[in-house]
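Hi,

Here is the structure I promised to pass on. Have a look at it first, and my notes on what turned up are underneath.

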Amino acid sequence: MPPTGSCQRLFRCLRIPTVLLALALLFYFGHIWTLRAANTPLFPLNASHSAGLYWLFIMAQLQYLVLLCTMPGLVLRRLTMPVTTSRFASLLVGFPVGLAVAAGLIRLQALGHGLILAAALLLARLDLMEADLYPAPVRAWLITNLLSLLMVGLGAGLGSRLPWVHPPALPG
């Protein structure tokens, strides 16, 4: 029997283990990203702007992952339209942009976190679709986006207050 109210649907969604796993991963990564933002010097001469730029890059990556994992069919159709019109133009633009993004992710040591989050979000999406609880794509994007920002914010805020040992500065 499908749930009737919005609150009932939300509580039923939170009983699916992969949704809880994705939320726990977002909380944990929020804490890890806070530690890395403090220990990753992007600008050697200006360390105060370095943490802000790190968070900006990480949040952009998170927004892209949420968009890609909540609406994969729509996003992939939109991305492949320019490729089918002109292969040379897409290669000319896509290759340098892809290299720059990959180099940035490797430099910030965020590639692994992105892959783990993408897998968790896609598994949660599949389980929600199987349970017939997955909303319309735009609503799913909005809900997932708000929940991911909330969990990363909680992980960053509460994680900095917990008595965990901070790792030493990252090499590189």
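What does the charged end of R125 sit over? The ring of Y134: the charged end of R125 is 5.3 Å from the centre of that ring. Before you read on, keep in mind that this is a predicted model.

First, the overall picture. The protein chain has seven helices and zero strands, so if you walk along the sequence you just get α-α-α-α-α-α-α. Of the 172 residues in the protein chain, 31% are buried.

Now back to R125, which is on the list of buried residues of α6. The others on that list are H113, G114, L117, A118, A120, L121, A124 and L128. As for the helix itself, α6 has 20 residues, which should span 28 Å at 1.5 Å a residue. Its end C-alpha atoms are 29 Å apart, and that agrees with the expected span.

G114 from that list also turns up in a contact along the chain. How far apart are the C-alpha atoms of I58 and G114? They are separated by 9.3 Å, although the two residues are 56 residues apart along the chain. I58 belongs to helix α3, which covers residues 47–70. With a relative accessibility of 0%, I58 counts as buried, because the cut-off for buried is under 20%.

After α6 comes D132, and its phi is worth a glance. The value is near 60 degrees, which is positive, and the residue is not a glycine. D132 sits in the loop between α6 (111–130) and α7. Is D132 buried or exposed? Exposed, since its relative accessibility is 59%.

On the far side of that loop, helix α7 takes in residues 137–161, 25 residues in total. From its first C-alpha to its last it reaches 36 Å, close to the 36 Å expected at 1.5 Å a residue. The buried residues in α7 include A140, N145, S148 and M151. V152, G155, A156 and G159 are buried there too.

Next, the aromatics. How many aromatic pairs does a search of the whole structure find? Two. One is Y28 with F29, a tilted pair with 5.8 Å centre to centre and 45 degrees between the planes. The other is F29 with W33: the ring centres are 5.7 Å apart and the planes are at 20 degrees, so this pair is stacked. F29 and W33 are four residues apart in helix α2 (residues 17–39), so about one helical turn separates them. Y28, F29 and W33 together form one aromatic cluster.

The members of that cluster are not covered equally, if you look at Y28 and F29. Y28 has a relative accessible area of 43% and is partly exposed, whereas F29 has 3% and is buried. W33 is buried as well.

Last, something on the surface. Which residues form a nonpolar patch there? They are L91, F95 and L99, with about 330 Å² of accessible area together. L99 has its place in helix α5, residues 87–107. Its relative accessibility is 49%, so L99 counts as partly exposed.

That is what I have for now.

Cheers

Note on methods: Residues are numbered from 1 along each chain as its sequence is written. This is a predicted model: local features need pLDDT of at least 70, side-chain atom pairs count only at pLDDT 80 or more; totals for chains, interfaces and linings use all residues. Side-chain values use heavy atoms; hydrogens and water are left out. Patches are made of residues with over 30% relative accessible area and no salt bridge: like charges are joined within 9 Å, nonpolar side chains (Val, Leu, Ile, Met, Phe, Trp, Tyr) within 5 Å. Accessible areas come from the Shrake-Rupley method with a 1.4 Å probe; for residues, only the protein chains shown count as cover. A salt bridge is a side-chain nitrogen of Lys or Arg within 4 Å of a carboxyl oxygen of Asp or Glu. Helices (H or I, at least four residues) and strands (E, at least two) are DSSP runs, numbered from the N terminus. Buried means under 20% relative accessible area, exposed over 50%, partly exposed in between (1.4 Å probe, protein chains only). The expected span of a helix is 1.5 Å times one less than its number of residues. Rings of Phe, Tyr and Trp (its six-membered ring) pair if their centres lie within 6.5 Å; planes under 30 degrees apart count as stacked, over 60 as edge-to-face and the rest as tilted. A charge sits over a ring if NZ of Lys or CZ of Arg is within 6 Å of the ring centre and within 35 degrees of the ring normal.
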